[in-house]
Structures are given as structure tokens and as C-alpha cells.
Amino acid sequence: MTARVWWLNDLIRLEILLWEHVDVRLKREHGLPLSSYETLLVVAGGGEIRIGDLARELRITVGGASKLADRVRAAGLIERTADPDDRRASLIGLTSLGRERLAAATVTYDAAVAEKLDGVLNETEQRSMHEMVRRLLAENAQRSHS
């Protein structure tokens, strides 16, 4: 196996470890699965967005994003409104409860990640790693739109 294969394998295992750790903490402390947290985060970043926008940001299917949004809406964290520019579509936005839950859960999320990273990587190393991941994501998003 090549070094690149091992690197990607390790990266995927790290992502799974972090996902599971954060997911457990968010569920325990806020009754909020990580998938719902990510939905709130995406919606908060875009104001009111369409389901297709959510799907693209989360890199899931439109059907999956619609089901996810329905679960988050059933919890009272987002709401759907008619899209004034397209009667066939709807927009999703955070409710006041969604904003409150996102703010509280973000503190927990940050603490959970810190538990796994801070003793191993300093702040500069974490920022550098983040920048590299963002560059890779941005480049690949650009390639897929070309």
C-alpha cells in the first residue's frame, strides 16, 4: 500500500472517531444528534436556504436532506416557508429554539473536539490542518463545477 492510501485510511478513521465522540456528547447534553447539529449550522450560515442547498453543503442527496430537515423541523429547530421566488420550493430557516440550541451545542461541540485534539496538536497546528482541509474541499468543489 502507498503512503497516500494509509494517510486517507487514517484520516477517515480520525473523522469517524471525532464524529462518534461529538455525536455522543451532543446527544447526551442536548438531545441533538450530530447530523441535526450540522443541519442547524448550515442553515445558520445561509439564513433561509433551500433543501438542495442543504444537500450540497452536507454532501448528501436531496431526498436525504429533505428527511433530515423534516426530523429537525419536528424537533422545532427549523421551519419551512414558501419560497417567494419559486412556489414549488420551500425555504428552511432556524427557529428561535434552533438558534438557542445551536449556540449551546456549539460550546459542547468545541469542548468535545478539544478533548481529542488539544493534547496532541497545538492551536497553530489545528489552524494549519483546518486550512489544508478547506483548500482540498474548495479545490474539489471548484473542479466539480467545471
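Biologist: What makes helix H4 a neighbour of the sheet in this predicted model?

Modeller: Helix H4 (residues 62-74) lies across E2 and E3. The direction of H4 makes an angle of about 120° with E2. Contact here requires heavy atoms within 4.5 Å.

Biologist: What is the setting of these elements along the sequence?

Modeller: The protein has six helices and three strands, and their pattern is α-α-β-α-α-β-β-α-α. The C-alpha atoms fill a box of roughly 50 × 40 × 25 Å along the principal axes.

Biologist: How do you know that E1 and E3 pair?

Modeller: Pairing requires at least two bridges between the strands. E1 and E3 are joined by two bridges in the antiparallel sense, so they satisfy the requirement. One residue pair here is Ile49 with its bridge partner Ile92 in E3.

Biologist: What makes E2 and E3 a pair?

Modeller: Six bridges join E2 to strand E3 (residues 86-94), and the two run antiparallel. Since the requirement is at least two bridges, E2 and E3 therefore count as paired. Ile78 stands opposite Leu94 in E3, Glu79 has Gly93 in E3 as its bridge partner, and Thr81 stands opposite Leu91 in E3. E2 and E3 form a hairpin, with two residues between them.

Biologist: Why do E1 and E2 stand at the edges?

Modeller: The three strands form an open sheet in the order E1-E3-E2, with antiparallel pairing. Strand E1 (49-50) and strand E2 (78-83) each have a single partner strand, so one side of each is left without a neighbour in the sheet.

Biologist: Why is E1 called a strand?

Modeller: A strand needs at least two residues in a DSSP run. E1 spans 49-50, so it meets that minimum.

Biologist: How do you know that H2 and H3 pack, and which residues meet?

Modeller: The axes of H2 and H3 are 10 Å apart, at an angle of about 115°, and H2 passes H3 in a right-handed crossing. Glu38, Thr39 and Val42 in H2 meet Leu54, Glu57 and Leu58 in H3. By class, this contact has three nonpolar, one polar and two charged residues. Val and Leu count as nonpolar and Glu as charged, so Val42, Leu54 and Leu58 belong to the nonpolar class, and Glu38 and Glu57 to the charged class.

Biologist: What is the volume of the largest pocket, and which residues are the closest to its centre?

Modeller: The largest pocket holds about 2,300 Å³ of space. It is lined by 44 residues, of which Glu15, His130, Val133, Arg134 and Leu137 are the closest to its centre. Two or more lining residues come from each of helix H1 (3-30), helix H2 (34-46), helix H3 (51-58), helix H5 (96-117) and helix H6 (123-145).

Biologist: Which element gives the most to the lining of the largest pocket, and how do its residues divide?

Modeller: H6 gives the most, with 14 residues. The lining of the largest pocket divides into 26 nonpolar, six polar and twelve charged residues.

Definitions and conventions
Residues numbered from 1 in each chain as written. Predicted model: local features only at pLDDT ≥ 70, side-chain atom pairs only at ≥ 80, totals over all residues. Heavy atoms only, no water. Helix = DSSP H or I, 4+ residues; strand = E, 2+ residues; numbered from the N terminus. Axes fitted to C-alpha atoms, helices over the stretch in contact; angles between N-to-C directions. 1 Å grid on protein atoms, 1.4 Å probe; cavity = no way out; pocket = protein on both sides within 12 Å on 5 of 7 lines; lining within 4 Å. Points joined across faces, edges and corners; volume = space filled by probe spheres on them. Left-handed = near helix turned anticlockwise from the far one by under 90°.
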